[in-house]
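Work through the two exercises below. Try each task before reading its solution.

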Amino acid sequence: MFHPLRSKAACAVFFFLPGLYYGLIVSRLPAIKMHVGLSDSQIGLCLFMFGCFGLLGLLFSPKLISRFSSRMVLCVNAVLCFLGLLGIGFAQTVPQIFVAFGICGFSVSLLDGAMNTQGVLYEKASKRPTLNLFHAFYSLGAVFASAAGSVCAALAIGSGINFLVASAAFVVLSLSLSGYLLSDRTALTSASTGSKKHRLPAVVMICAVCSLLAYASEGSVGEWGGLYLTGDKGADQSVAALVYGLFSIVTFFARLAGDPLRTKFGENNLMLCGLALALAAMGVVLKADSAYTVLAAYAVMGLGFAHVIPTLFSIAGRNGIIPAASATAAVAFMSYAGLLFVPPCIGWVAQHFSLHAALCLVPVMIAVTFILTLRLRSLSVRNSELTP
């Protein structure tokens, strides 16, 4: 039986959890780098391991969800990612931290695919747009992680203890609410019911490419923003740890209003305006001299990107040709492809030139996303399952 409030709460907590995990990692990257003695290129390789194993997880995601249910996938990987997170925090050697990043990448990618499947299922069951709200909880997890990371950095508390204390209670909470998650039967019957396999629809492919570029652009804030502040702007670690948190808290509040705005102004128009704002903000990041101006610009980027990822998953999940689980897995797969290739590229350019030069890749990715979104707007997307 569908319990709207309880199911919404359960889904929101599982969106919160990967935001928390990812936020904890990126908020303490300067500390992890210093503790293990990593170079910029090795940080890029850590993120490569995260993305590589993330892609591996997403290859298995549709089959695992079909065989075991998205509920089971969420529960198992909530615990697995927690263990990988502790592995990163307490790592002593480069091989150990590479393995731990791989475990986190694998499990977070499965969380990502399963949670977005649950989000699409809830939209269909409630017949209302809700993915912006759920992704707001992802941002809230990152905000909490960034605040915890900043406090622990200021108090000289190691990343391992930071990760343990900040995440253990939320893992228990998510598992206790998992019984209210929705059945996947809706996902299996929501698209075409014929036995033939379908190629990815054009709308899903465009959503996937846009998601790759948007994820990589957003990821540059968390993965490199703190290092940019400490290395290029002379900021303290406690200040640098706030970068992703400020980005995420603005994203959180913007996403709370996102679903009504999607209905009023149109989801593609909302994405285009946001991408234009994010492009302008990234220009300020690259030109500003003050660390605090950079922080403010990253916060504005959060406002610009707030509605992009949730809307892409929603559009893909409503494609009407392939099941929601397959569509969201395809979008998530391409998102993690961005984590596979973009961070190592940024790390290589930073190592051989400068991090400032490497971050010039970000406005290029935002501009391409804007162009593809114009194409997405011209396609016919089935919206009848959402009520105004």
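**Exercise 1: a glutamine in its surroundings**

Q118 is buried, because its relative accessible area is 2% and the cut-off for buried is under 20%. The model is predicted.

Task: Locate Q118 in the secondary structure, then list what Q118 touches and find the backbone oxygen by its side chain.

Solution:

1. Start with the helix. Q118 sits in α5, which covers residues 94–126.
2. Collect the contacts, leaving out residues up to four places away in sequence. Q118 touches C11, S70, R71, L74, L181, L182 and D184.
3. Look for a polar partner. A polar atom of the Q118 side chain lies 2.8 Å from the backbone oxygen of L182.
4. Check a residue elsewhere in the chain. V26 is 92 residues from Q118 along the chain, and their C-alpha atoms are 26 Å apart.

**Exercise 2: a helix pair**

Task: Describe how α9 and α14 cross, give the handedness of the crossing, and sort the contact residues by type.

Solution:

1. Define the pair. Helix α9 spans residues 202–232 and helix α14 spans residues 291–305.
2. Read the geometry. The two axes come within 12 Å and cross at roughly 165°.
3. Classify the angle. Angles over 145 degrees count as roughly antiparallel, so α9 and α14 are roughly antiparallel to each other.
4. Assign the hand. The crossing of α9 and α14 is left-handed.
5. List the contact. α9 contributes A214, S217, E218, V221, G225, Y228 and L229, while α14 contributes A291, V294, L295, Y298, M301 and F305.
6. Sort by type. The contact of α9 with α14 has 10 nonpolar residues, two polar and one charged.

Conventions. Residues numbered from 1 in each chain as written. Predicted model: local features only at pLDDT ≥ 70, side-chain atom pairs only at ≥ 80, totals over all residues. Heavy atoms only, no water. Axes fitted to C-alpha atoms, helices over the stretch in contact; angles between N-to-C directions. Helix = DSSP H or I, 4+ residues; strand = E, 2+ residues; numbered from the N terminus. Parallel < 35°, antiparallel > 145°, perpendicular 65-115°, else oblique. Left-handed = near helix turned anticlockwise from the far one by under 90°. Contact = heavy atoms within 4.5 Å. Nonpolar A, V, L, I, M, F, W, Y, C, P; charged D, E, K, R; others polar. Buried < 20%, exposed > 50% of the residue type's maximum accessible area, 1.4 Å probe, protein only. Polar contact = N/O pair within 3.5 Å; in protein donor to acceptor, adjacent residues only side chain to side chain.
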